Amino acid sequence: MAQEFDLIVIGAGPGGYPAALRAAEGGRRVAVIEKDELGGTCLNRGCIPTKTLLHASGLYRRLQEAQAEGLSVSEAHVDMARLQERRLEVISSLREGIAVQFQKKGVTLFTGTGRILEKEKVLVTTGKEEILLTAPRILIAAGAKPVPPIPGIDLPGVEDSAGLLARQEPYDSLIIIGGGVIGMEFASFYSDLGKKVTVLEAMDRILPGMDREISQNLKMILKKRGVDIHTKASVTRVERMEEGGFVCYYEEKGQAFSASAKGLLAAVGRRADGESVWSGQLLGPSGTERGRIPVDENYRTRIPGIYAVGDVTGGIQLAHAATAEGLLALDHMEGREPSIDRRVIPSCVYTDPEIACAGLTCEEAKVSGVPVKTAKYIMSLNGKSVLSGQERGFIRLVAREDNEKIVGAQLMCARATDMIGELALAISRGITAGELAGVIHPHPTFGEGIGEAARLLQQERT
């Protein structure tokens, strides 16, 4: 006999579990199906463990530079075994927190794979049995999986981000294929540890989806730290070396080159994993597009009562975006007005210095035909940046010419990922440069730079 619920959620990552908890808080009977661990890729193999390692490696690098600040440190070393224990402790603590919330709110968890048989019916397959669940609403938050598009990139020993995170000992040398967010964060981690890093990026710059000046600055900073970065470098194949390690063959500026290292990270993107949750009989061969589940503006699939959010829809692959989409899908199911402004989705990169963006860049505004003016505050003028020995950085604001409403922000400085929330709020609520400049920011803080950038924007003449 089938178990009945009001909502079935497939996937307990950031797109699924917050929506499940919110629905349960509203008195709904909720089932969550997760084939792996609570928290999804973000918690177990992505955001949280990566930032845990970056926090530690950043401290280690700063220790090497501490003499300039009057501190003498001898025999500092990285205990990778302890660092890995710490990574697992953080993951376990947060995972247990989700489990406790499920229990408190009455969410029923099924560990196994979920497949939608037909409208309102989902079959859960565990290691021991098959369980049939029914619900008038189904939310798919199945995430994405790594893409292996290069010959040889699926050879044994080639790492994805999950494998590299779990290594007990770092590679002495590492090639990273892909200069996006994942690639740059691992480049930062390995360079902090003093390892040789080579980055091969096919586009004309690293972090190709972000502001050009940010990409250029980060490239200069990482090169200063010894990272060898190649852009417009198209990898043609990967081979194993007899003595161990890998060699990557690539083309750059019309010439053939190769690079070798003990380790190889494939950070070339992820593909939506929509096929795994559909019954072919229900959806037919056109139900997904390269793994992506098509949805409308309210996250509805073409099957009534079935919604999909997060990476599985092929949209922005960010944990906080997936969470917002899950909650917005729930709003629509419940007949409520949207509770979240989905127009402004901040993006963050946890290198050192940190990078954070929201809204439009100047280039995007021009393409969209929005007349704007910009102002940039250099963080070398910021007291907190100077006293803490920060690298070069800046805060740039973009505002409309006609009314000075903030429409974009790009930050590259310490604590950028914490400060971007204030600017996302400003963009979302149509706050002007004058209103932002009128907010008193405490001194000395990195956040003072926001007020200074807003003041400069007021002075800017179009």
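How many salt bridges does a search of the whole structure find? The search turns up 27 of them, and several appear in the close-ups below. Please keep in mind throughout that this is a predicted model.

**View 1. Five strands line up in an open, parallel sheet.**
Reading across the sheet, the strand order is β4-β3-β2-β8-β18. The edges belong to β4 (108-111) and β18 (306-308), each of which pairs on one side only. On average, neighbouring strands of this sheet are turned by 20° against each other, direction ignored. For a look at one pairing, go to β8 (residues 137-140), which is joined to β18 in the parallel sense over 3 bridges. Here leucine 139 is found opposite tyrosine 307 of β18.

**View 2. Helices α1 and α9 meet the strands of the parallel sheet.**
Helix α1, made of residues 17-25, packs on the sheet and touches β2 (7-10), β3 (30-34) and β8. Its direction makes about 165° with that of β3. Helix α9, residues 319-333, lies across β2, β8 and β18. The angle between α9 and β8 is about 165°.

**View 3. Helices α3 and α6 pack in a left-handed crossing.**
The two helices pack at an angle of about 35°, and their axes are 8 Å apart. On the α3 side, the residues that meet α6 are Thr50, Lys51, Leu53, Leu54, Ser57, Gly58, Tyr60 and Arg61. On the α6 side, the partners are Glu185, Ser188, Phe189 and Asp192. What is the make-up of the contact of α3 with α6, in nonpolar, polar and charged residues? It divides into 4 nonpolar, 4 polar and 4 charged.

**View 4. A salt bridge ties lysine 51 to glutamate 185.**
Zooming in on the helix pair, the closest N and O atoms of lysine 51 and glutamate 185 are 2.8 Å apart. Lysine 51 belongs to α3 (residues 47-64) and glutamate 185 to α6 (residues 181-192), so the pair links distant parts of the chain, 134 residues apart. Is glutamate 185 buried or exposed? Glutamate 185 counts as buried because its relative accessible area is 3%, under the 20% cut-off. Lysine 51, at 23% relative accessibility, counts as partly exposed.

**View 5. Two further salt bridges and a network, for comparison of their surroundings.**
Arginine 237 and glutamate 239 bring their side chains together in a salt bridge of 2.9 Å, N to O. Both residues of this pair count as partly exposed, arginine 237 at 36% relative accessibility and glutamate 239 at 30%. Another salt bridge forms between arginine 400 and aspartate 402, with the closest N and O atoms 3.1 Å apart. Arginine 400 is partly exposed, with a relative accessible area of 28%, whereas aspartate 402 counts as exposed at 57%. Elsewhere in the view, Arg61, Arg62, Glu65, Asp192 and Asp352 are joined into one network by salt bridges that share partners.

**View 6. Strand β22 pairs with β21 and with β23.**
Strand β21 (residues 372-378) and β22 run antiparallel and are joined by 7 bridges. In this pairing, alanine 375 is placed opposite leucine 397 of β22. The pairing of β22 with β23 is also antiparallel, with 6 bridges, and there leucine 397 stands opposite alanine 409 of β23. How many of the 7 residues of β22 are buried? The strand, residues 394-400, is mostly covered, with 6 of them buried. The hairpin of β22 and β23 has 5 residues between the strands, and glutamate 404 takes a positive phi near 65° there.

**View 7. Cysteine 413 sits in strand β23.**
The strand that holds cysteine 413 spans residues 406-413. Cysteine 413 counts as buried because its relative accessibility is 3%. Which residues does cysteine 413 contact, leaving aside its neighbours within four places in sequence? They are Pro353, Glu354, Met379, Phe394, Ile395 and Met419. As a reference for distance across the model, cysteine 413 and alanine 19 are 33 Å apart in space, C-alpha to C-alpha, and 394 residues apart in sequence.

Conventions:
Residues numbered from 1 in each chain as written. Predicted model: local features only at pLDDT ≥ 70, side-chain atom pairs only at ≥ 80, totals over all residues. Heavy atoms only, no water. Pairing = 2+ DSSP bridges. Helix = DSSP H or I, 4+ residues; strand = E, 2+ residues; numbered from the N terminus. Axes fitted to C-alpha atoms, helices over the stretch in contact; angles between N-to-C directions. Contact = heavy atoms within 4.5 Å. Buried < 20%, exposed > 50% of the residue type's maximum accessible area, 1.4 Å probe, protein only. Salt bridge = Lys/Arg side-chain N within 4 Å of Asp/Glu carboxyl O. Left-handed = near helix turned anticlockwise from the far one by under 90°. Nonpolar A, V, L, I, M, F, W, Y, C, P; charged D, E, K, R; others polar.
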